[in-house]
Each structure stands twice: as structure tokens, then as C-alpha cells.
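Start with the fold, then move to one helix and the core. Keep the viewer open as you read.

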Amino acid sequence: MSTATELKSPAEYWETEPHHHPEGASTSIGFWVYLMSDCLMFAVLFACYGVLQGNLAAGPGPKDLFDLELVAINTAMLLFSSITYGFAMLSMAKGDRSGTLRWLGITLFFGLCFLAIELYEFHHLIHIGAGPGRSAFLSAFFTLVGTHGLHVTFGSIWLVTLMVQVSKFGLTQANQRRLMCLSLFWHFLDLIWIGVFTVVYLLGVL
């Protein structure tokens, strides 16, 4: 009896045929993973604010600083931007490039209005001596709200980039996939802001 072992070809050990995945599948999964990581980050920031909101260091508190009317206007700006982005996605589904660009432009306008009001609020607080170094409460406030504002800023830059790409190349499959990812991101920021408005501003002045 022969003791020699017969060598097997690589194909007998593993499959050598390439796997074909739908275009953009990895992009969608990767973006969902990113959003989940962002959820964890904001959860930590909310937890830190919840722990530190009572540490005023004999300084001003939420009732002394927050203007609910101004914050309500700011909230409306972001909510309107989500609605207009939804109209942009409907136009995209119809293949209407000009309509998509028009609604994206309106969305950008509302997003910039939101950022302008937030910057005004930050400038006003710092001007009256309620900057992030005044107390642990204000440090947590500026960190949480400022992080959300940075996300809106990056989203606005992303939005401008996509408007240029759609204007130049049209509603290609790649551009539609990118618009879908930005849609998830933009609505995610809307949900986070609702949490900020409720926990930081609304409960803070009650």
C-alpha cells in the first residue's frame, strides 16, 4: 500500500470564484456602523452632561442663560431642513435633477441658519462670562451642543460637495447612494438635536 499523499489543488480547499455583491452594499453597511459609533459618542456626551449639569460653581444655571424662544426657532430651522431633504429625495427618486438640487439648496439654507443661531448663542454666552471654563455645567453644555454643531457643519460641507457632483454628473447610481447616506446622517442629527432640546434646554429651564 502506498503511503504517499496526493496533493490537492487550492480549489479543493477553498472557493476561488469571486463573490459578486450588489454595488454600494459595503458602503451602506459601513455607514450604518459609523452612525452606531456616533450614537455611542453622543450617549457618552449626554451622560456626562447629566452628571455635570448641577455643578454650577456658584455661576449661572440653565434658567439664567437659555432663551427658549431663540432655541425653538433654531430647532425649527433644523426640522425644516429635514423636511426639505425629504423632498430632495423624492425628486431624486423621480430622476428630477433640477428639483433635487433646488431642495438640497433649501436644506443647506436652513442648515446654515441653524449654525448661525447657534454661533450667536455661543458668542452671547461667552460675552457675558458664561464660557466653557466657567463651570463644569458649561463645559458639558458647550461640548455636547458644540459637537452636534460640528456635525451639522460637516454635513453642510458634504451637502455642498454632493450638489456640485449632482450638478456636474447628474443623478448617477453613485451619487444617489451618497445622497442616501447623507440623508441618514442629516435625519440622525435631527434626532440628536431633539434630544438636546429636550434634555438640555427644555428640562433645564423647568
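Which span should the 26 residues of helix α4 have at 1.5 Å a residue? The answer is 38 Å, because the expected span is 1.5 Å times one less than the number of residues. The end C-alpha atoms of α4 (residues 68-93) are 38 Å apart, which agrees.

This is a predicted model: local features need pLDDT of at least 70, side-chain atom pairs count only at pLDDT 80 or more, and totals for chains, interfaces and linings use all residues. Residues are numbered from 1 along each chain as its sequence is written, and side-chain values use heavy atoms, without hydrogens and water.

Look at the two ends of α4. At its start, a side-chain oxygen of D67 comes within 3.2 Å of the backbone nitrogen of E69. Just after α4, G95 has a positive phi of about 75°.

Now the whole chain. It has 7 helices and 0 strands, taken as DSSP runs (helices H or I, at least four residues; strands E, at least two) numbered from the N terminus. Buried residues, meaning under 20% relative accessible area with a 1.4 Å probe and protein chains only, make up 39% of the 206 residues.

Turn to the interior. The largest nonpolar core (buried Ala, Val, Leu, Ile, Met, Phe, Trp, Tyr and Cys joined through side-chain atoms within 4.5 Å) holds 49 residues. F141, L179, W193, V196, V200 and Y201 touch the most other members. Helices α2, α4, α5, α6 and α7 each supply at least two residues. The largest share, 13 residues, comes from α7.

Finally, pick V200. Leaving out residues up to four places away in sequence, V200 touches Y49, F66, F141, L144 and G195, where contact means heavy atoms within 4.5 Å.

Conventions
Polar contact = N/O pair within 3.5 Å; in protein donor to acceptor, adjacent residues only side chain to side chain. Buried < 20%, exposed > 50% of the residue type's maximum accessible area, 1.4 Å probe, protein only.
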